[in-house]
Amino acid sequence: MNEQSIRQRKAKYFTWFVGGIAALSGLLFGLDIGVIAGALPFLAHDLSISNHQQEWVVSAMMFGAAIGALTAGWMSYRLGRKKSILTGAVLFVIGSLWSAFSPDVTSLVCARVLLGLAVGFASYTAPLYIAEIAPERYRGSMISMYQMMLTTGIVVAFLSDAALSYSGNWRLMLGVIALPALVLFIGVLFLPNSPRWLAATGRYHDAQKVLERLRSSDSQAQQELNEIRESLQVKQSGWALFRSNTNFRRSVGLGVLLQVMQQFTGMNVVMYYAPKIFAIAGFASTSQQMWGTVIVGITNMLATLIAVGLVDRWGRKPMLFTSFLVMAVGMGALGLFIHMGIHSLAVQYASIIMLLLFIVGFAMAAGPVIWLLCSEVQPLKGRDFGITLSTTTNWVANMIVGATFLTLLDSFGNANTFWLYGALNVLFIVITVWLVPETKNVSLEHIERNLMQGKALRHIGK
Ligand code: BGC
């Protein structure tokens with residue numbers, strides 16, 4: 001093997017190592033989303049808390065995540081992406097142990113807010129960091145790997161809940177998350193700073209050093225640095241850029257809209273209320289509902305592989321289009337079965353297949369590709385600002401969807417609620433065709449140039 005190919009191989013392994021460690025934040029994000037459903041009945045009993053207090057325990061994390069996402073932009077600009085992920089990891093460790101040892105509900109709610117902050121930092125910083133270190137050829141796969149870790153976290157949490165449910169040890173369920181958080185902390189210590197952040201803070205020499213480790217030749221690193229330098233010519237940044245520049249306002253609007261779309265697909269209705277949906281579909285026993293939920297998690301995880309494998313080849317836009325289409329069919333058919341009445345075993349299973357189809361639809365693109373697009377479309381000088389707004393929107397929309405589902409079922413009816421989500425997915429197909437750009441195989445700087453020249457959003461990746 002000659003020197004050049006050794007270097008290429010080294011750069012590739014190093015890049016995947018860096019991306020893999022950063023993607024571990026996704027695992028923690030998933031563990032924290034998944035763990036509470038199984039722990040809740042036991043801790044509610046142990047701490048004798050009311051339904052209302054249980055809602056607090058659940059939503060405290062979303063609240064913390066929205067605040068976390070809002071402050072992460074500032075932090076990731078001032079301290080850098082690497083230190084922000086480190087801070088997130090420390091908060092994950094403290095939050096997990098604190099919740100495991102909480103003596104009462106007030107303490108538990110505070111611990112969950114802290115964990116939420118960690119999730120908010122992670123969901124902001126990790127995709128952004130990965131987008132900034134990844135070469136354009138596999139940027140999509142690397143960010144989809146982050147989503148893959150997230151969905152793995154959800155499954156592991158469901159399984160660990162199911163295993164620990166025999167002893168009812170909710171403190172262990174919540175506390176055990178400190179271990180992967182510790183692994184994340186140690187792993188992140190070995191990561192380089194983002195070259196784009198280094199350049200944005202004037203450290204071009206350091207940026208070049210990092211790029212030379214991540215890219216297969218010095219000339220490639222140099223060329224990328226030149227492009228970054230060019231995108232830093234924009235005088236204003238953040239809020240000032242937002243106020244003065246229509247083009248930047250368009251990309252911010254797109255990021256916010258994409259996250260609204262992701263949440264209003266109805267995915268988290270299934271994540272948070274899967275047992276309830278199984279009950280509506282006629283599966284009455286708790287163990288059927290529990291294992292059904294595990295199957296939902298596994299489907300979600302496996303279908304994310306579709307995104308990892310295809311996003312840099314087939315492209316973002318056709319995948320997103322198909323994703324919304326599949327979800328519309330899944331939700332529409334589920335609503336139809338419920339409307340007709342689930343009277344036979346065949347219809348019962350058919351409705352679960354439709355539910356799983358919906359999950360496949362989400363996991364193959366709306367889950368990973370929206371995080372990916374949100375970190376791709378913002379110009380460097382406005383990246384922190386733009387992603388702050390889109391990530392915060394994700395969490396606020398997440399809260400709204402989670403908090404309205406039961407009320408919708410009551411006031412609107414079961415079938416109508418699923419049809420409503422089906423119809424929203426149809427609307428998202430139209431928005432995808434109209435606004436979503438194709439960004440595969442182009443550099444972030446190329447996207448930025450097109451955006452700032454005023455090209456239509458759907459053309460900024462051309
Ligand atoms: C979404 C989460 C969702 C998860 C499910 C993520 O991309 O942002 O809200 O719970 O996917 O896999």
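**Group meeting talk: a walk through a two-domain model**

Let's start with N441, which counts as partly exposed because its relative accessibility is 39%, in between the 20% and 50% cut-offs. You'll find N441 in the loop between α18, residues 414–435, and α19, residues 444–452. Its phi is near 60°, a positive value in a residue other than glycine. Before I go on, please keep in mind that this is a predicted model.

Why does a positive phi get a mention at all? Because most residues other than glycine have a negative phi. There's another such case here, S48, with phi near 40°. S48 sits in the loop between α1 and α2, the second of those helices covering 51–78. Is S48 buried or exposed? S48 is exposed, as its relative accessible area is 63%.

Okay, let's zoom out to the whole chain. The protein chain is divided into domain 1, residues 1–191, and domain 2, residues 236–462. How far apart are the C-alpha centres of the two domains? They lie 20 Å apart. On the contact itself, domain 1 puts in 38 residues and domain 2 puts in 41 residues.

Now for the nonpolar core. The largest one has 145 residues, and the members that touch the most others are L43, L258, L320 and F324. Which domains does this core draw on? At least three residues come from each of domain 1 and domain 2. As a bit of background, nonpolar side chains tend to be buried together in soluble globular proteins. Take L258 from that list: leaving out neighbours within four places in sequence, L258 is in contact with L320, I370, L373, C374 and V436.

Next, the ligand. There are 15 residues around the ligand, and the ones that come nearest are Q147, Q262, N268, N300 and W371. Let me go through three of those. Q147 has a polar side-chain atom 2.9 Å from an oxygen atom of the ligand. For Q262, an N or O atom of the side chain is also 2.9 Å from a ligand oxygen. With N300, the distance from a side-chain N or O atom to an oxygen of the ligand is 3.0 Å. And how much of the ligand does the protein bury? Taken alone the ligand exposes 310 Å², and the protein buries 100% of that.

N300 gives us a handy way over to A363. In sequence, A363 and N300 are 63 residues apart, yet C-alpha to C-alpha they are 5.6 Å apart in space. A363 belongs to helix α16, residues 345–376. Its relative accessibility is 0%, so A363 counts as buried. What does A363 touch, if we skip residues up to four places away in sequence? N300, A303, T304, A307 and P368.

Now please look at D312, in the loop between α14, residues 286–310, and α15, residues 316–340. D312 is at 10% relative accessibility, so this residue counts as buried. Where does the side chain of D312 reach? It gets to the backbone nitrogen of S141, at 2.8 Å. The D312 side chain also makes a polar contact with the side chain of R316, at 3.0 Å. Not counting neighbours within four places in sequence, the contacts of D312 include E136, R137, Y138, R139, G140 and S141. K440 and N441 are among the contacts of D312 as well, and N441 is where we came in.

Y138, one of those contacts, deserves a stop too. Y138 lies in the loop between α4, residues 105–133, and α5, residues 139–164. With a relative accessible area of 13%, which is under the 20% cut-off, Y138 is buried. Apart from neighbours within four places in sequence, Y138 is in contact with K12, T15, W16 and D312.

One last residue, G20, is in helix α1, residues 3–46. Buried or exposed? G20 counts as buried, because its relative accessibility is 17%. Skipping residues up to four places away in sequence, G20 touches M145 and M149. Going the other way, R383 is 363 residues from G20 along the chain, and their C-alpha atoms are separated by 22 Å.

That's my tour, thanks.

Definitions and conventions. Residues are numbered from 1 along each chain as its sequence is written. This is a predicted model: local features need pLDDT of at least 70, side-chain atom pairs count only at pLDDT 80 or more; totals for chains, interfaces and linings use all residues. Side-chain values use heavy atoms; hydrogens and water are left out. Helices (H or I, at least four residues) and strands (E, at least two) are DSSP runs, numbered from the N terminus. Buried means under 20% relative accessible area, exposed over 50%, partly exposed in between (1.4 Å probe, protein chains only). Contact means heavy atoms within 4.5 Å. A nonpolar core is a set of buried Ala, Val, Leu, Ile, Met, Phe, Trp, Tyr and Cys residues joined through side-chain atoms within 4.5 Å. Domain bounds come from an automatic or database domain assignment. A residue is near a molecule or strand if one of its heavy atoms lies within 4 Å of it. A polar contact is a pair of N or O atoms within 3.5 Å; within protein, one must be able to donate a hydrogen and the other to accept it, and residues adjacent in sequence count only if both atoms are side-chain atoms. Accessible areas come from the Shrake-Rupley method with a 1.4 Å probe; for residues, only the protein chains shown count as cover.
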